[in-house]
Structures are given as structure tokens and as C-alpha cells.
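This report walks through one protein model for a reader who has not seen it before. The sequence and the structure come next, and the text then goes from the surface to the interior and on to the backbone.

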Amino acid sequence: MPNERKREFGQVVNALKQSAETKFQELKTALEAQAEQASAQGIDLTAPGEPLPLGARHPIAITMNRIIEIFSRIGFAVADGPEIEHDWYNFTAMNTPEDHPARDMQDTFYVVDAPGMLLRTHTSNVQARVMTTRKPPIRIIAPGRVYRNETISARSHAQFHQVEGLYIDEGVSFADMKQTLLYFAQEMFGAPKIRLRPSFFPFTEPSAEMDVWLGTDTEENYRLTKGTGWLEILGCGMVDPQVLENCGIDSRQYSGFAFGMGIERQALRLFGIPDIRLLFENDVRMLRQFAASV
Ligand code: DAH
């Protein structure tokens, strides 16, 4: 403040201070009176308030986190990719060109305004995303949401979740894949053994489907495994050299394995939930039950 204005300014500030102090005293007296009145009525204003209800993790998130935790213990890092994806990453790079019959099994939703864009049908797109941007060794898992153009029923849904796995390095073999997946089956399901059945996926060669042994000792396991004791949980295989080449990785130097599994069925089993639709209805009465399971 310039000297000649200090006096005038000081007066204004003083007036403000005084009015604030008066206001403060008024409020204080009023509140004290209120508290006295309340305690006279037996109300304790210092008592703790109503507890805020805590949220709960969704059963799918709990299941996914468990899978992530199991693989992170053996050096797999989490990778991510877009759900609205370019055709190339979802299909073409994964050895499923436009006229390939395997595309029929994974019909999806296409973005009308953006030709070539679609909702990803599997988390395998992250394989292409990672391989085109990183150098081996690559050891990732990729959890996330995927979409299919499917009728909604108790067993299937047009949106669901998967976890993808990819391991690329020099000299990676089928035996490495088998041991990694056995470890997972033991940790996740307490399963003593796994079974690999020959299968086909465009992006792996050879390909297999993996079953875990649950046995038929309990009624639930009998029902889940349809009396066979075996529960199918994932597809896997050695990454097709063509996929490596599509993504700019030298297939003479590197090899690897990949796998992909659905989450919903595992969540249903883990929590004894009978219908897949319950996972997507967001009914808090259903979700609240898992507050303690985090
Ligand atoms: N993407 C496949 C599906 O959605 C699952 C799968 C199979 C993923 C084999 C893989 C794999 O990485 O190697 O049906």
C-alpha cells in the first residue's frame, strides 16, 4: 500500500475484522445453545456418524486379480490393449485374413462410422499390440473385456472377459508352455493334473485346449465337468511363425507360446454363481455378498 492510502485501507480491514468476529461469536453462541438443547434432549453431537457403506470388488475383478497375481509370481507383466480395435490387430495380424472361415466363429459388432474398426472379439489383439511395439523377451498377460455378436443366455453373453498370455524368447518350447499352465492349474484350481487336447486356432501351431482335473467327488464338480472330472478352461499353443513375422519378430530366432481363457466361467465356479447374466445386471444385493471376499 502506498503510504497515503494506508490509513483508509486499515480502517476498511478493521471493519471487516470486527464484523467477522461478531459473526463468529454469534454462530458460536448459537451452536453452543443448540448443543446444550440437544444434550438436554439426550442427543450426543460428538457421537460418531452413520458408517458409509463400503463398496465391494466385482466377482469378475476378484477372479481376474487372482489370475494376475498367480502369473505375476512367475514374471508375467500386465499389458493392455483397446476394446475398440482395428481389424488388423484383432484378426489379420493373428493370421485370420478377411476371407478366413475362423472369422465366422467370432462375429462381432462393427463401428459403422469407422470402416475397419470393431469391438475386439478376444484379448489376442494385445499379442499383436505388444509384439509390434516391443522386442523379445516378452512375457505378458492381458486381462480385459471382449465382445461377440451372440444371443444372451445363462451360459453366454455378448460381452465377457478374457485373460491372454504370451511368452516370446529364444528357445521357448511346448514343454515350457505345459509346465507354466500346470502351475496355473495348481494355483488357481488346486488341480493335480491337466490335459492338453489337440485343437485349432489360426494363430498357434500346434494348438491345444486345456482341461483341468477337478474329479467327480463332489456333486458340484460332477455337474461342472458333466461327469468326466475334466473342466475345459483355455486355448493355447505355440505362436504361429507367421504371426511373429506379421508383427515384425524374426521367427528363425524367436519362438513362443500363447494362451487365452475366459473369466466368467471361472468366476461362476469360484463363487458358486449359477447364471452368467447375474454378473452383468449390477444388482447390489448380488454384488454386496462379495464385499468380504476382496
Ligand atoms: N483367442 C481365442 C478365443 O477367444 C483363445 C486363445 C486360444 C488365445 C489359443 C490364445 C491361444 O492366445 O493361443 O477363442
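Met-1, Phe-9 and Val-13 together make a nonpolar surface patch of about 290 Å² in this predicted model. Val-13 belongs to helix H1, which covers residues 3-40. Its relative accessibility is 41%, so Val-13 counts as partly exposed. Ala-47 sits in the loop between H1 and H2. With a relative accessibility of 39%, Ala-47 also counts as partly exposed, because that value falls between the limits of 20% and 50%. From Ala-47 to Ala-191 there are 144 residues in sequence, and their C-alpha atoms are 51 Å apart in space.

**Strand S5 and its partners**

Strand S5 runs over residues 159-169, and nine of its 11 residues are buried, so the strand is largely enclosed by the rest of the structure. Strand S4 (residues 138-147) is joined to S5 by 10 bridges, and the two run antiparallel. Within this pairing, Arg-145 has His-161 of S5 as its bridge partner. S5 is also joined to strand S9 (residues 255-262), by eight bridges and again in antiparallel fashion. Here Tyr-167 is matched with Phe-257 in S9.

**The nonpolar cores**

Which residues touch the most other members of the largest nonpolar core? They are Phe-184, Phe-189, Val-212 and Phe-259, in a core of 43 residues. Elements giving two or more residues to this core include the helices H2 (59-72), H5 (174-189) and H9 (284-287), together with the strands S5, S7 (204-213), S8 (230-239) and S9. The most comes from H5, which gives eight residues. Leaving aside residues up to four places away in sequence, Phe-184 touches Ile-67, Ile-70, Phe-71, Phe-189, Ile-233, Met-261 and Gln-266. There is also a second, separate core of 21 residues, with Ile-138, Ala-142, Cys-247 and Ala-258 among them.

Gln-266, one of the contacts of Phe-184, is a buried residue of helix H8 (residues 264-271). Glu-264, Ala-267, Leu-268 and Arg-269 of H8 are buried too. The buried residues of this helix pack against H2, S5, H5, helix H6 (219-224), S8 and S9. After H8 comes Gly-272, with a positive phi near 65 degrees.

**Backbone details**

Most residues other than glycine have a negative phi, and most peptide bonds are trans. The table lists places in this model that depart from that pattern.

| Place | Feature | Value |
|---|---|---|
| Pro-136 to Pro-137 | cis peptide bond | omega near 0 degrees |
| Glu-205 to Pro-206 | cis peptide bond | omega about -5 degrees |
| Asn-95 | positive phi | about 65 degrees |
| Lys-226 | positive phi | near 50 degrees |

Pro-137 is placed in the loop between helix H4 (125-131) and S4, whereas Pro-206 is part of strand S7. Asn-95 lies in the loop between helix H3 (87-92) and strand S3 (117-119). Lys-226 is found in the loop between H6 and S8. Is Lys-226 buried or exposed? Its relative accessibility is 72%, so Lys-226 counts as exposed.

Note on methods:
Residues numbered from 1 in each chain as written. Predicted model: local features only at pLDDT ≥ 70, side-chain atom pairs only at ≥ 80, totals over all residues. Heavy atoms only, no water. Buried < 20%, exposed > 50% of the residue type's maximum accessible area, 1.4 Å probe, protein only. Helix = DSSP H or I, 4+ residues; strand = E, 2+ residues; numbered from the N terminus. Pairing = 2+ DSSP bridges. Core = buried A, V, L, I, M, F, W, Y, C linked by side-chain atoms within 4.5 Å. Contact = heavy atoms within 4.5 Å. Patch = residues over 30% accessible without salt bridge, like charges linked within 9 Å, V, L, I, M, F, W, Y side chains within 5 Å. Areas by Shrake-Rupley, 256 points an atom, 1.4 Å probe, with all protein chains shown as cover. Salt bridge = Lys/Arg side-chain N within 4 Å of Asp/Glu carboxyl O.
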